[in-house]
Each structure stands twice: as structure tokens, then as C-alpha cells.
Amino acid sequence: MHHMEDGTKQRTLSIVKPDGVGKGVIGEVVRRFEKEGIRIVAMRMLRLSRKQAEGFYAVHRERPFFASLTDFMSSGPIVAMVLEGDDVIARNRKIMGATDPAKADKGTIRADFAGSIEQNIVHGSDAPDTAVTEIRYFFSELDIVS
Ligand code: ATP
Ligand code: MG
């Protein structure tokens, strides 16, 4: 089996967070990815336990907002997706907008839908190594279409 080694094609993990599912914007988020030519190669809905949310955001465990963040992330269903495309890690982050919706560029998902710096609709991996780890947190290689 060969991995993609054309140098630019990447995968990243996207999550529609509980606030995004609650606000009914799953389809809108997916539309914005597809409109940009990004392919969805795996997708599932689930609800994280508190422990699973803590595991996913373990890198932030010393931050003052960790308890609140993991409480929020386990408060309702989420939609996890694997996105694939050229430079998709950075392109997804651009479509999402800045963490704080007040600082996010116009037309980004967070500027358009997020209510706060914590409840900001979407997650996106921030680098190739975290993308691999985060995709594995939710998906087996067999779950990903090629
Ligand atoms: P994500 O990792 O969810 O894609 P991000 O990379 O833009 O978002 P991070 O710095 O990794 O932002 O923070 C992870 C998440 O923690 C944010 O998306 C947000 O939900 C929450 N968060 C970040 N900073 C704060 C803060 N100052 N107060 C409350 N929650 C925060
Ligand atoms: Mg992050």
C-alpha cells in the first residue's frame, strides 16, 4: 500500500462542535469545504464523553479554560470529518477563521456563526503531525475512502 507522496496533498481533521450541530450548520460547514474543492473522505457523528474530550484536547490541559472547554465539547453530538486536498490544513484554518470570532475575517465560519472564543463552531488540526494524531483519534484507516 502506498501513501500519497505528491508533496502537497494533505489530510486534516475537522469537527463541527456541539454548538455548530445545535445551531444547525453542519450542512453549511460541509458546503463551504466542498465549494473550495476540499474532499470529505470520512465522516461520523458521535458524542464525546468528558474523558474522551479531555484526551482529544490533552495539549490544553494546563490552560485555565480546559475544564470549561472539555465540558462544552462533551455537551452534545459532534460531527468529525477527514478532509483531503492540496494544502488542506492551512486552507481549512482559513475557512474557519481565527479562534476568537471577534477577530475572525469576514466570511469565515467563525465570524459568521460562532458565539464566543470557546464556542466557535469548528475545530481544525493545526499541523501535519497533529492532523495524523487527531484523525487517528476518531478514524481507522479503513474508515477513510480514497
Ligand atoms: P481548535 O483547536 O478547536 O481548532 P484553535 O486551534 O483555533 O481551535 P486553540 O488555541 O487550539 O484554538 O484552542 C482550542 C479550543 O479551545 C478553541 O477552539 C476554543 O474552543 C477553546 N479556547 C481557546 N482559547 C480559549 C480561551 N481563551 N477561552 C476559552 N476557550 C478557549
Ligand atoms: Mg487548535
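This report describes a predicted model, taking in turn the surroundings of its ligand, its aromatic pairs and several single residues.

## Surroundings of ligand 1

The shell around ligand 1 holds 14 residues, of which K17, Y57, R93, T99 and E118 come nearest. By residue class, the shell divides into five nonpolar, five polar and four charged residues.

Polar contacts to oxygen atoms of ligand 1 include two from side chains and one from the backbone. A polar side-chain atom of Y57 is 2.8 Å from an oxygen atom of the ligand, and a polar side-chain atom of H123 is 3.0 Å from an oxygen atom of ligand 1. For G124, a backbone N or O atom lies 2.9 Å from a ligand oxygen atom. The ligand taken alone exposes 570 Å², and the protein buries 81% of that area. Two elements, α5 (88-96) and β4 (122-124), each give two or more residues to the shell around ligand 1.

## Aromatic pairs

A search of the whole structure finds four aromatic pairs. One of them joins F56 and Y137, with 5.7 Å from centre to centre and 55 degrees between the planes, and is classed as tilted. F56 belongs to helix α3 (residues 50-56) and Y137 to helix α7 (residues 128-138), so this pair ties together parts that are 81 residues apart in sequence.

The two partners differ in burial class: F56 is buried at 8% relative accessibility, whereas Y137 is partly exposed at 37%. Ring pairs also link F56, Y57, Y137 and F138 into a cluster. Y57 thus appears in two settings, as a member of this ring cluster and as one of the residues that come nearest to ligand 1.

## S14 in strand β1

S14 is part of strand β1, which covers residues 9-16. Is S14 buried or exposed? Its relative accessible area is 0%, so S14 counts as buried.

Leaving aside residues up to four places away in sequence, S14 touches F33, V79, A80, M81, L83, N92 and H123. Several of these contacts fall in elements already named or described below: V79, A80, M81 and L83 are in the range of β3 (78-86), and N92 is in the range of α5 (88-96). H123, also touched by S14, has the polar side-chain atom that lies 3.0 Å from an oxygen atom of ligand 1.

## Positive phi outside glycine

Most residues other than glycine have a negative phi. Two residues in this model, D87 and I121, have positive values.

D87 has a phi of about 50 degrees and sits in the loop between β3 (78-86) and α5. D87 is partly exposed, at 41% relative accessible area. For I121, phi is near 70 degrees. This residue is found in the loop between α6 (109-113) and β4. Unlike D87, which is partly exposed, I121 is buried, with a relative accessible area of 0%.

## K51 in helix α3

Helix α3 also contains K51. At 68% relative accessibility, K51 counts as exposed, while F56 of that helix is buried at 8%.

How far apart in space are K51 and V21? Their C-alpha atoms are 20 Å apart, and the two residues are 30 residues apart in sequence.

Terms used: Residues are numbered from 1 along each chain as its sequence is written. Chains are lettered from A and ligands numbered from 1 in the order in which they are written. This is a predicted model: local features need pLDDT of at least 70, side-chain atom pairs count only at pLDDT 80 or more; totals for chains, interfaces and linings use all residues. Side-chain values use heavy atoms; hydrogens and water are left out. Rings of Phe, Tyr and Trp (its six-membered ring) pair if their centres lie within 6.5 Å; planes under 30 degrees apart count as stacked, over 60 as edge-to-face and the rest as tilted. Helices (H or I, at least four residues) and strands (E, at least two) are DSSP runs, numbered from the N terminus. Buried means under 20% relative accessible area, exposed over 50%, partly exposed in between (1.4 Å probe, protein chains only). Contact means heavy atoms within 4.5 Å. A residue is near a molecule or strand if one of its heavy atoms lies within 4 Å of it. A polar contact is a pair of N or O atoms within 3.5 Å; within protein, one must be able to donate a hydrogen and the other to accept it, and residues adjacent in sequence count only if both atoms are side-chain atoms. Accessible areas come from the Shrake-Rupley method with a 1.4 Å probe; for residues, only the protein chains shown count as cover. Ala, Val, Leu, Ile, Met, Phe, Trp, Tyr, Cys and Pro count as nonpolar, Asp, Glu, Lys and Arg as charged, and the others, Gly among them, as polar.
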